Amino acid sequence: MSLISPWRSDFPALSALAAEGQTYLDSAATSQKPQPVLDALLGYYASGAANVHRAQHLPGERATRAFEGTRMRAAQWLNAANPAEILFTRGVTEAINLLAYGLEHLFQPGDEIAISALEHHANLLPWQQLVLRRQLKLVVLPLDDRGLIDLEQARQLIGPRTRLLAVSQLSNVLGRWQPLTELLPLARSQGAITVVDGAQGAVHGRHDVQAMGCDFYTFSSHKLYGPDGVGVLYGRNEALGRLKHWQFGGEMVHTTGYQTADFHGAPLGFEAGTPAIASVIGLGAALDYLGNLEAATIAGHEAALHAKLLAGLGARDGVRLLGAPELALASFSIDGVHSADLAHLLTEQGIAVRAGHHCAMPLMQTLGVQGAVRVSLGLYNNGDDLERFFAALDKALELLR
Ligand SMILES: Cc1ncc(COP(=O)(O)O)c(C=O)c1O
């Protein structure tokens, strides 16, 4: 199979970066943007910025229509039952903070929140802090050798005290789909609220939140080839009804006096203040762009790249993969080499990869590593991006060993 991305030329940043000698292999951190997203951003500003949901004038009406158009597209993208189940946040981090505050009133001391050992800090710290505020217990579901949440142990640990389960769909370090098909019903059968962190999962394939059967699902636009500063929180209608308001200000209030107020429900009641209007419009353009591509062709291209990545790493002495990644990325350490030194030498050769703890410090401790280098792929990567990476890796290892 050809390892040339047919979509690469849609992303102007790739040639700009190449002209600077940069090879971009850090798409799990953030992605480059296709031309239609850039056009949408420029188009909004160039044709007249205006606030949404407030103004009667033409630019205000136009901005509101485009903004709400993205809500419709996001609902279709995730197969939500209703656009009102789509809330715009700043990203996954803000969405999970919203949930940790908005659901706080449902927890009693001694209740349990279950997460897994592989969670990104964004799906750990908001729950950890809620646990501390309300004297709850944080239960951490362990992993098996492949980097999957261990279902046997999950069955022991998820029980009647579990009030909420929050897990990642696809790990940003281990690159494996997590067994949500088993985990979510397990939590639901105990009456727990279910939250899925789709930050990485949303980027690979289409996901149907109704079929998944979660209460909440969240992703960030910037990883899904859209602009930064915006994310989506899907909430099942009944689950949204249990949320208390958390940020207060313009446009989320129905009526207010000096002393009391009553608030809109979802979605506007959870979008206080002026939102990231241009970014929301840009996200709509990203979803349109992706919706016009053949999902199976993208998956095939990404799978071929990933196989090449794993084969190349496997062919080099001393490379230790974290887990057994099945798509999108590979994190690794090298015996006797500090990952920061390796990352430094790769950076000097124009290879843009991520090194460190990947915002998953407890996972690194569990795996017994200080840090790791992560190579991650986007739909625009070509096979020769990986060849440049491997050439740079070999050179770096010659110097370090
Ligand atoms: C699995 C996972 N969850 C959450 C996040 C946080 O996303 P954001 O920084 O866009 O809020 C990331 C970002 O790397 C991630 O990979």
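Let me begin with the sheet of four strands, which is open, has its strands in the order 11-12-15-14, and is antiparallel in its pairing. Its edges are formed by strand 11, residues 319-321, and strand 14, residues 354-356, each of which pairs on one side only. If we ignore direction, neighbouring strands in this sheet are turned against each other by 30° on average. I should say at this point that what we are looking at is a predicted model.

Staying with the edge at strand 14, we find three bridges that join it to strand 15, residues 372-376, and the two run antiparallel. Within that pair, Arg-354 stands opposite Arg-374 of strand 15. Two helices pack on this sheet, and I will take them in turn. Helix 12, residues 339-348, touches strand 12 (329-334), strand 14 and strand 15, and its direction makes about 40° with that of strand 15. Helix 14, residues 383-400, touches strand 12 and strand 15, with a direction that makes about 10° with that of strand 12.

Now to the other sheet, the one with seven strands, which is also open but has mixed pairing, with the order 2-8-7-6-5-3-4. Here the edge strands are strand 2, at 86-89, and strand 4, at 137-141, and each of them pairs on one side only. The average turn between neighbouring strands of this sheet, direction again ignored, is 20°.

At the strand 2 edge, four bridges connect strand 2 with strand 8, residues 231-235, in an antiparallel arrangement, and Leu-87 stands opposite Leu-233 in strand 8. Packed on this sheet is helix 4, residues 92-102, which touches strand 2, strand 6 (193-197), strand 7 (216-220) and strand 8, while its direction makes about 150° with that of strand 7.

That brings me to the ligand. Which residues surround the ligand? They are Val-92, Thr-93, His-120, Ala-122, Asn-172, Asp-197, Ala-199, Gln-200, Ser-220, His-222 and Lys-223. By character, this shell divides into three nonpolar, six polar and two charged residues. For those of you thinking about polar contacts, a polar side-chain atom of Thr-93 lies 2.6 Å from an oxygen atom of the ligand, and for a polar side-chain atom of Gln-200 the distance to a ligand oxygen is 2.7 Å. The side chain of Lys-223 likewise has an N or O atom that is 2.6 Å from an oxygen atom of the ligand. As for burial, the ligand has 390 Å² of accessible area on its own, and the protein covers 87% of that.

I will finish with two points of backbone geometry. Most residues other than glycine have a negative phi, and most peptide bonds are trans. Against that background, where does Asn-79 lie? Asn-79 is in the loop between helix 3 (58-78) and strand 2, and although it is not a glycine, its phi is positive, at about 55°. The other point concerns the peptide bond from Ala-266 to Pro-267, which is cis, with omega near 0°. Pro-267 has its place in the loop between strand 10, residues 261-263, and helix 10, residues 277-291.

Key: Residues are numbered from 1 along each chain as its sequence is written. This is a predicted model: local features need pLDDT of at least 70, side-chain atom pairs count only at pLDDT 80 or more; totals for chains, interfaces and linings use all residues. Side-chain values use heavy atoms; hydrogens and water are left out. Two strands pair if DSSP finds at least two bridges between them. Axes are lines fitted to C-alpha atoms, for helices over the stretch in contact, and angles run from 0 to 180 degrees between N-to-C directions. Contact means heavy atoms within 4.5 Å. A residue is near a molecule or strand if one of its heavy atoms lies within 4 Å of it. A polar contact is a pair of N or O atoms within 3.5 Å; within protein, one must be able to donate a hydrogen and the other to accept it, and residues adjacent in sequence count only if both atoms are side-chain atoms. Accessible areas come from the Shrake-Rupley method with a 1.4 Å probe; for residues, only the protein chains shown count as cover. Ala, Val, Leu, Ile, Met, Phe, Trp, Tyr, Cys and Pro count as nonpolar, Asp, Glu, Lys and Arg as charged, and the others, Gly among them, as polar.
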